[in-house]
Amino acid sequence: MRSLKARIIVSALLLVLVLVPTIGIALHKAFEQQLTDSTKEQLQAYVYSVLAVAEVDNGEPQMPPHLMENQFNLTQSGLYAVITYQTGINPSTIAWRSNSSIGIKLPSNYPTPKTGQQTFAPLNIDKIPYWIFSFTVSFEKAGNVYPITLHIIKTQTEYQQQLDEFSQTLWSWLISLMLVLLVVQLSWLWWTLKPMAAFVREIKQVEQGQSQQLSSRYPVELKVLAKQINTLLTSEKNQRSRYRNALADLAHSLKTPLAIIQSQTDLTPSSKEQVANINNIIAYQLKRAQSGAGQAWHVGFNVDEVLTKLVRTMAKLHITNAIDIQYHSAADVMFKGDETDFSEMVGNVLDNACKAAKSQVIVSVAGDQDQCRIIVEDDGKGISQSQQQLIFQRGVRADTYQKGHGIGLAITQDLVQSYQGALTVTGSDTLGGAKFTFTFGANPPQ
């Protein structure tokens with residue numbers, strides 16, 4: 001996940017979606033434990049109330065016909081009392097059971113804790129859940145000790161009902177709270193990341209040439225960065241302008257001495273050839289040095305606007321050859337670089353295509369905001385495979401062209417490479433001549 005914004009949003013959502021359910025589970029467990037403890041205390045109180053009226057006669061417990069707690073007197077009330085004692089090897093012989101247990105299939109085995117101790121555990125009777133609280137006491141009469149165990153059995157219906165009601169209420173509130181927290185967090189994140197989104201938007205505007213500077217309406221953390229970027233943009237622009245002006249002055253100062261030397265009548269053919277070579281070398285190196293690549297990362301323009309002008313200009317230059325130049329445009333294709341360099345690269349190839357063509361040239365554009373591809377095709381003789389790589393070397397000229405000194409495509413190739421692009425030449429399947437393809441951005445082919 002490369003987006004910082006996406007990471008923050010996902011982290012915030014995970015925090016809510018994990019933390020709130022975790023709190024809900026913890027609260028549910030705490031309430032369940034509290035309800036269990038409350039039930040245990042309630043059954044323990046029933047034990048004391050039953051033992052308060054219990055007596056032992058001839059080794060057997062004697063109980064009144066009716067107990068104070070009315071649920072023990074009502075048949076199948078869900079609250080039952082059972083007294084067991086040990087006879088022989090059977091530690092849980094039923095000695096007495098409350099009226100409420102009439103018609104209820106009670107278990108045959110009961111827990112038998114030691115005297116003075118108690119147990120509390122869940123119990124299933126005919127697949128119906130109950131609680132059972134067992135307490136063992138000893139009655140002493142005439143020097144004899146009679147241990148008995150009182151069991152209080154209560155259905156879990158009320159317990160489960162309270163637990164379900166609490167669970168339903170708890171999760172209803174927690175889901176509502178979760179939705180509120182999600183809305184609040186998303187709103188907070190949108191408000192927090194709003195300056196970052198504006199910063200990214202302005203950076204893109206600078207890259208596309210729609211703006212020259214970043215605004216200063218940012219929080220303190222971004223304001224310092226925006227100021228430094230603005231300083232860098234201004235410094236780079238001024239330095240590039242001074243550099244190009246100095247190179248232009250150098251080229252102008254060299255032209256006059258070379259022109260005077262070339263005008264000398266006593267120069268040998270070899271000397272004239274060397275002077276011409278010097279002219280070509282100067283032109284070649286100046287073109288390379290004046291390239292805006294590397295320094296123009298923040299400059300961008302719409303390719304369609306420049307190519308439309310370039311095609312119109314080439315049509316006028318080659319009007320005598322009756323060359324039909326077809327332009328297949330594409331909207332929103334951007335070139336991140338200097339407009340002069342772009343015109344130099346594409347214009348040189350397009351001019352050569354017009355010279356080589358018999359009657360037709362096609363210029364096509366494809367791509368988007370991140371990638372730019374320009375294809376120039378002609379219906380000329382084409383370029384042989386042996387020359388397709390050689391024509392990009394300085395001083396080599398394709399046989400198709402009758403004019404020029406063979407440095408135009410070398411300059412073009414250098415400019416393309418300075419923008420980390422690729423320029424390839426193949427045969428045109430459409431027109432049968434040469435096909436030049438420019439590719440810039442998004443991993444161009446090598």
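In this predicted model, strands β5 and β6 form a hairpin with two residues between them, and Asp126, which sits in the turn, has a positive phi of about 55°. The two strands, β5 covering residues 118-125 and β6 covering residues 128-141, pair in the antiparallel sense over eight bridges. One place to see this pairing is Ala121, whose bridge partner in β6 is Ile132.

Ile132 also leads to another strand, since it is among the residues in contact with His151, a residue placed in strand β7 (residues 144-155). Is His151 buried or exposed? With a relative accessible area of 0%, His151 falls under the 20% limit and therefore counts as buried. Leaving aside neighbours within four places in sequence, its contacts include Tyr80, Tyr110, Pro111 and Phe133, and the side chain of His151 makes a polar contact with the side chain of Thr84 at 2.9 Å.

We can turn next to the nonpolar residues. In soluble globular proteins, nonpolar side chains tend to be buried together. Here the largest nonpolar core has 40 residues, of which Phe342, Leu350, Val361, Ile374, Phe436, Phe438 and Phe440 touch the most other members. Several elements each supply at least two residues of this core, including α5 (303-317), β12 (372-378) and β14 (434-440), while the largest share, seven residues, comes from α6. Ile374 shows how such a residue is surrounded: not counting residues up to four places away in sequence, Ile374 touches Leu307, Phe342, Val346, Val363, Ser364, Phe436, Thr437, Phe438 and Phe440. A second, separate core of 24 residues includes Val47, Leu51, Phe135 and Val137.

Aromatic rings offer another way through the structure, in which a search finds 14 aromatic pairs. One of them joins Phe199 and Tyr218 edge-to-face, at 5.4 Å centre to centre and with 75° between the planes. Phe199 belongs to helix α2 (residues 157-207), whereas Tyr218 lies in the loop between α2 and α3, 19 residues apart. Phe199 is buried, with a relative accessible area of 8%, and Tyr218 is buried as well, with 9%.

Another edge-to-face pair is formed by Phe335 and Phe440, with 5.0 Å centre to centre and 80° between the planes. Because Phe335 lies in strand β10 and Phe440 in strand β14, this pair ties together parts that are 105 residues apart in sequence. Phe335 counts as buried at 2% relative accessibility, and Phe440 is buried with a relative accessible area of 6%. Finally, Phe335 and Phe440 belong to one aromatic cluster together with Phe301, Phe342, Tyr419 and Phe438.

How values were computed: Residues are numbered from 1 along each chain as its sequence is written. This is a predicted model: local features need pLDDT of at least 70, side-chain atom pairs count only at pLDDT 80 or more; totals for chains, interfaces and linings use all residues. Side-chain values use heavy atoms; hydrogens and water are left out. A nonpolar core is a set of buried Ala, Val, Leu, Ile, Met, Phe, Trp, Tyr and Cys residues joined through side-chain atoms within 4.5 Å. Buried means under 20% relative accessible area, exposed over 50%, partly exposed in between (1.4 Å probe, protein chains only). Helices (H or I, at least four residues) and strands (E, at least two) are DSSP runs, numbered from the N terminus. Contact means heavy atoms within 4.5 Å. Two strands pair if DSSP finds at least two bridges between them. A polar contact is a pair of N or O atoms within 3.5 Å; within protein, one must be able to donate a hydrogen and the other to accept it, and residues adjacent in sequence count only if both atoms are side-chain atoms. Rings of Phe, Tyr and Trp (its six-membered ring) pair if their centres lie within 6.5 Å; planes under 30 degrees apart count as stacked, over 60 as edge-to-face and the rest as tilted.
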